[in-house]
Amino acid sequence: MSHTKDTLDTLMKFTARTGFVYQGSEIYGGLANTWDFGPKGVLLKNNIKEAWRNHFVLSRSDMYELDSDIFMNSKVWEASGHTSTFADCMVDDKKSKHRFRADHLIEDQLDIDVEGRSPEEITEIIRSNKLKNPITGEAGDWTEARYMNMMFETNRDKIGNDPSQKIYLRPETAQGIFVQFKSVVQSERAQVPFGIAQIGKAFRNEITPGNFMYRIVEFEQMEIEYFIAPPENDEDWNTIFEQWLELQRSFYIDKMGISEENLVAKDHVTEKLSHYSKRTVDWEYKYPFGTKELSGLAYRTDFDLSQHAQTSGKDLSYQDPQTNQKYIPHVIEPSVGVERLVMAVLLEAYTEEDLGNGDSRILLKLPYDIAPYRVAILPLMKKDGLAEQAESFAQELRVKGISVTYDKSGSIGKRYRRQDEIGTPWCVTVDYQTLEDGTVTLRNRDTMEQVGENGRIAFTELDKYILS
Ligand code: GAP
């Protein structure tokens, strides 16, 4: 199903109402490009991260994990090129003092891609076309366009022998992996080819507001650096590249519930490749505001490790234990932002279903493994010991590590609807018969039907149904 502009509005209201995502600092009027995850959002996000780990790391024998610090020695960012080149071209409206990304301003109003153009050319395009300030709606009085670095910086006091220095909040998790490459090889006796995976926060001074969580200042990345021997020809690296591309595709489609029609693989044309990359493919998603990057896959050659070896003066080469050949490994990097993925997952799952006879329901068709709650326990009545029995069942499941919610208020019909809209795959109802024979009703979210013989199952057999 394709999404319209209205879908985004609906989704934002829905996620705030149901406790998935709230506007950041809302009681103070908010803070642009910041969002907070509510109770359901945290569960969903953690399940997505866990599914990513299972798919890309834990099910393979050639993967290691890392949790490197957000702050790193600023030389890291000199070596990676971020200090000098991680910048967007900005322009200010002198009248309103609003600042915009020049490429977005031009793209939105003229539909021209200005990547690679100089600030002077960009200024000329903005001024000669008398571009409007999209916030005020009036023609802007534009400053010269200029590049501004997107890294957030702060200052570190002198500690011991560490000099005081300017430090940065990392704009990607990848560099932490490169910097510890040698440590992982040594401590794990890791043999190429192998990968290092990391999930962690990244920060970028993004100034383009709107589009919900698409472009935010603080986000989480799930990145892998997959180290390979220097390829002898293009086919060598491209074969591995294609394998990772397929692994990403199957993750989005099979595990995240993204439909084939909304997922697009887009190869960067040579002129648009980053200086370090020989091939980059973005997985794009058809968001309500356009088909935009969800994640990336880049063949970064030996650029990063070579840069760090040169800047640090340390030997970051790898010695093949079989051939004794020494080399700097090349790297293939799959990378995705958790929030962009959460958005795509929610957009895919959100369904308004017409049930006929004037009845309807909102249904979040999340894949079962990532739904915030796997099961809801609902006592038919609060009295006669039904609530106590239901609570005790819920606790039994919690102890087993099954994510469960308990709801005793309102009619059963209303409670089913509440669970449908937060994506709970199974509802267990505890009734009078439960007290007699230990059986419960088990309702499936998507079919709304009760499973088991005569619509009942023994509570002791619940796992068989809900975990399959
Ligand atoms: N290490 C490579 C790297 O950082 P990137 O394309 O700049 O490459 C990787 O970022 C992914 O991180 C993107 O595909 C996207 O999912 C996510 N991402 C980047 N900037 C983001 C932002 N401002 N807000 C949310 N997610 C972002």
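This passage describes two sheets, the helices packed on them and an aromatic pair in a predicted model.

The seven-stranded sheet is considered first. An open sheet of 7 strands has mixed pairing. The strand order is S3-S9-S10-S16-S13-S12-S11. Strand S3 (63–65) and strand S11 (263–267) are the edge strands. Each of these edge strands pairs on one side only. From one strand to the next, the twist averages 25°. Within this sheet, strand S13 (residues 290–301) pairs with strand S16 (residues 330–337). The two run in the antiparallel sense, and the pairing extends over 6 bridges. Leu297 has Pro334 of S16 as its bridge partner.

Helix H2 packs on this sheet. H2 touches S3, strand S9 (194–203), strand S10 (218–228) and S16. The direction of H2 makes about 0° with that of S10. Helix H8 (residues 181–188) lies across S3, S9 and S10. H8 runs at about 135° to S9.

Aromatic pairs number 24 in the model. One of them joins Phe181 and Phe227. The centres of the two rings are 4.6 Å apart. The planes lie at 45° to each other, and the pair is tilted. This pair links distant parts of the chain. Phe181 belongs to helix H8 and Phe227 to strand S10, with the two residues 46 residues apart. H8 thus contributes to the aromatic pair and also lies across S10.

Helix packing comes next. Two packed helices are described by the angle between their axes and the distance between the axes. Helix H2 (residues 39–58) meets helix H9 (residues 234–255), with axes that come within 11 Å. The axes cross at roughly 140°. H2 is therefore oblique to H9, since only angles over 145 degrees count as roughly antiparallel. The crossing of H2 with H9 is right-handed. H2 contributes Ile48, Ala51, Trp52, His55 and Phe56 to the contact. H9 contributes Trp244, Leu247, Gln248, Ser250, Phe251 and Lys255. By class, the contact residues comprise 7 nonpolar, 3 polar and 1 charged. H2 thus has contacts with H9 and with strands of the sheet.

A further helix pair is formed by helix H5 (residues 102–110) and helix H6 (residues 119–128). Their axes come within 11 Å and cross at roughly 40°. H5 is therefore oblique to H6, as angles under 35 degrees count as roughly parallel. This crossing of H5 and H6 is left-handed. On the H5 side, the contact is made by Ala102, Leu105, Ile106 and Leu110. On the H6 side, Ile122, Ile125 and Ile126 take part. The contact of H5 with H6 has 7 nonpolar residues, no polar residues and no charged residues.

H5 also packs on a sheet. That open sheet has 3 strands in the order S5-S4-S6, with antiparallel pairing. Its edge strands are strand S5 (99–101) and strand S6 (146–149), each paired on one side only. Neighbouring strands are turned by 50° against each other on average, direction ignored. Strand S4 (residues 87–92) and S5 run antiparallel and are joined by 3 bridges. Val91 has Phe100 of S5 as its bridge partner. H5 touches S4 and S5. The direction of H5 makes about 75° with that of S5.

How values were computed
Residues are numbered from 1 along each chain as its sequence is written. This is a predicted model: local features need pLDDT of at least 70, side-chain atom pairs count only at pLDDT 80 or more; totals for chains, interfaces and linings use all residues. Side-chain values use heavy atoms; hydrogens and water are left out. Axes are lines fitted to C-alpha atoms, for helices over the stretch in contact, and angles run from 0 to 180 degrees between N-to-C directions. Helices (H or I, at least four residues) and strands (E, at least two) are DSSP runs, numbered from the N terminus. Angles under 35 degrees count as roughly parallel, over 145 as roughly antiparallel, 65 to 115 as roughly perpendicular and the rest as oblique. A crossing is left-handed if the near helix is turned anticlockwise from the far one by less than a right angle, and right-handed if clockwise. Contact means heavy atoms within 4.5 Å. Ala, Val, Leu, Ile, Met, Phe, Trp, Tyr, Cys and Pro count as nonpolar, Asp, Glu, Lys and Arg as charged, and the others, Gly among them, as polar. Two strands pair if DSSP finds at least two bridges between them. Rings of Phe, Tyr and Trp (its six-membered ring) pair if their centres lie within 6.5 Å; planes under 30 degrees apart count as stacked, over 60 as edge-to-face and the rest as tilted.
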